[in-house]
Amino acid sequence: MSGARPPRLRWASLLGVVCAVSSACSDADEGPGTAAPDTGPERVADTARVACDGQTVTPEQAEAERAVLDLVNQERARGARCGGQQLAATTPLTFHTSLLCAARSHSLDMATRDYFDHDSPEGQSPFERMNEAGYDFSNAGENIALGSSTPESVMDQWMNSEGHCKNIMNPQFEDFGVGLASGNNRTYWTQTFGRPPR
């Protein structure tokens with residue numbers, strides 16, 4: 001189709017930030033079979049109830065967010081081939097309000113200001129956005145995508161890209177956020193991943 005833009009992807013991962021300066025480095029990787037983190041006040045099942053800086057979320061957006069988390073956890077449960085590397089099954093992720101807000105705000109910012117990058121035009125990184133949203137982490141990552149219109153198609157994009165796939169399958173991550181926004185006849189997606197300090 002003439003004028004159609006192909007879907008685009010980018011990924012970022014920042015691992016062991018706290019490990020570089022604290023004794024938290026001694027934590028071993030958690031393998032499959034480890035229980036998911038307890039649901040606390042920051043962890044939610046219903047994203048429609050999470051308000052981020054006055055942004056309203058439609059029922060369709062909340063349904064798409066839930067679908068992406070379900071697809072992520074299906075991939076994590078069965079293991080995946082990321083590039084040439086087979087990654088083992090690992091624990092499920094849980095929505096975290098701060099990561100949800102960081103993802104939503106970045107997707108909305110990209111759609112509103114018509115750019116596609118991990119860093120905002122002012123240079124704010126994904127990790128600064130996560131901190132600003134109130135999420136302290138020892139490990140964190142972000143995936144972004146542009147052009148896919150459904151949770152299934154964006155997950156196909158991410159799982160067929162080695163770096164994105166590795167973020168999705170990273171056993172160090174426990175918490176998750178996702179946001180989507182439309183602008184300029186395109187859909188922008190952001191996934192945020194994290195593990196709090198121990």
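Is E162 buried, partly exposed or exposed? In this predicted model, E162 comes out as partly exposed, with a relative accessible area of 40%. We'll come back to its salt bridge further down. First, a quick look at the whole chain.

**The overall layout**

The chain has 198 residues, and 49% of them count as buried. Its secondary structure adds up to five helices and eight strands. If you walk along the sequence, you meet them in the order β-β-α-β-β-β-α-α-β-α-α-β-β.

**Strand 6, under cover**

A good place to start is strand 6, which spans residues 139-146 and has eight of its eight residues buried. The cover is on both faces: N139, G141, N143 and A145 are buried on one side, and A140, E142, I144 and L146 are buried on the other. Strand 6 runs antiparallel to strand 8 (residues 186-195), and eight bridges join the two. Within that pairing, E142 has T192 of strand 8 as its bridge partner.

I144 also sits in strand 6. Its relative accessible area is 0%, so it counts as buried. I144 and F116 are 28 residues apart in sequence, yet their C-alpha atoms are 8.2 Å apart in space.

**Salt bridges**

Side chains of opposite charge can pair when their charged atoms come close. This structure holds ten salt bridges. Here are three of them, with the separation between N and O atoms:

| Pair | N to O separation |
|---|---|
| E142 and R129 | 2.9 Å |
| K166 and E162 | 3.0 Å |
| R195 and E174 | 4.0 Å |

Take E142 and R129, whose closest N and O atoms are 2.9 Å apart. This pair links distant parts of the chain, with E142 in strand 6, R129 in helix 3, and their positions 13 residues apart in the sequence. How accessible is E142? Its relative accessibility is 1%, and because buried means under 20%, E142 counts as buried. R129 is buried too, with a relative accessible area of 6%.

The pair of K166 and E162 has another setting: both residues lie in helix 5 (residues 162-169), four residues apart, or about one turn of the helix. K166 counts as partly exposed at 31% relative accessibility, and E162, from the opening question, is partly exposed at 40%.

Then there are R195 and E174, whose side chains meet in a salt bridge at 4.0 Å, N to O. They also connect distant parts of the chain: R195 is in strand 8, while E174 is in the loop between helix 5 and strand 7, 21 residues away in sequence. Both R195 and E174 are buried. Elsewhere, D109, R113 and E122 are linked in a network of salt bridges.

**Out toward the surface**

Which residues form a negative surface patch? They are D53, D119, E128 and E132. E128 belongs to helix 3 (residues 126-132), and its relative accessibility of 43% makes it partly exposed.

**Two loop residues with positive phi**

Finally, a couple of backbone details. D114 is not a glycine, but its phi is positive, near 55°. You'll find D114 in the loop between helix 2 (97-113) and helix 3, where it counts as partly exposed at 43% relative accessibility. N184 isn't a glycine either, and its phi is positive at about 55°. N184 is in the loop between strand 7 (175-183) and strand 8, and it is partly exposed, with a relative accessible area of 41%.

How values were computed:
Residues are numbered from 1 along each chain as its sequence is written. This is a predicted model: local features need pLDDT of at least 70, side-chain atom pairs count only at pLDDT 80 or more; totals for chains, interfaces and linings use all residues. Side-chain values use heavy atoms; hydrogens and water are left out. Patches are made of residues with over 30% relative accessible area and no salt bridge: like charges are joined within 9 Å, nonpolar side chains (Val, Leu, Ile, Met, Phe, Trp, Tyr) within 5 Å. Accessible areas come from the Shrake-Rupley method with a 1.4 Å probe; for residues, only the protein chains shown count as cover. Lys and Arg count as positive and Asp and Glu as negative; His and the chain ends are not counted. The place of a charge is taken as NZ of Lys, CZ of Arg, CG of Asp or CD of Glu. Buried means under 20% relative accessible area, exposed over 50%, partly exposed in between (1.4 Å probe, protein chains only). Two strands pair if DSSP finds at least two bridges between them.
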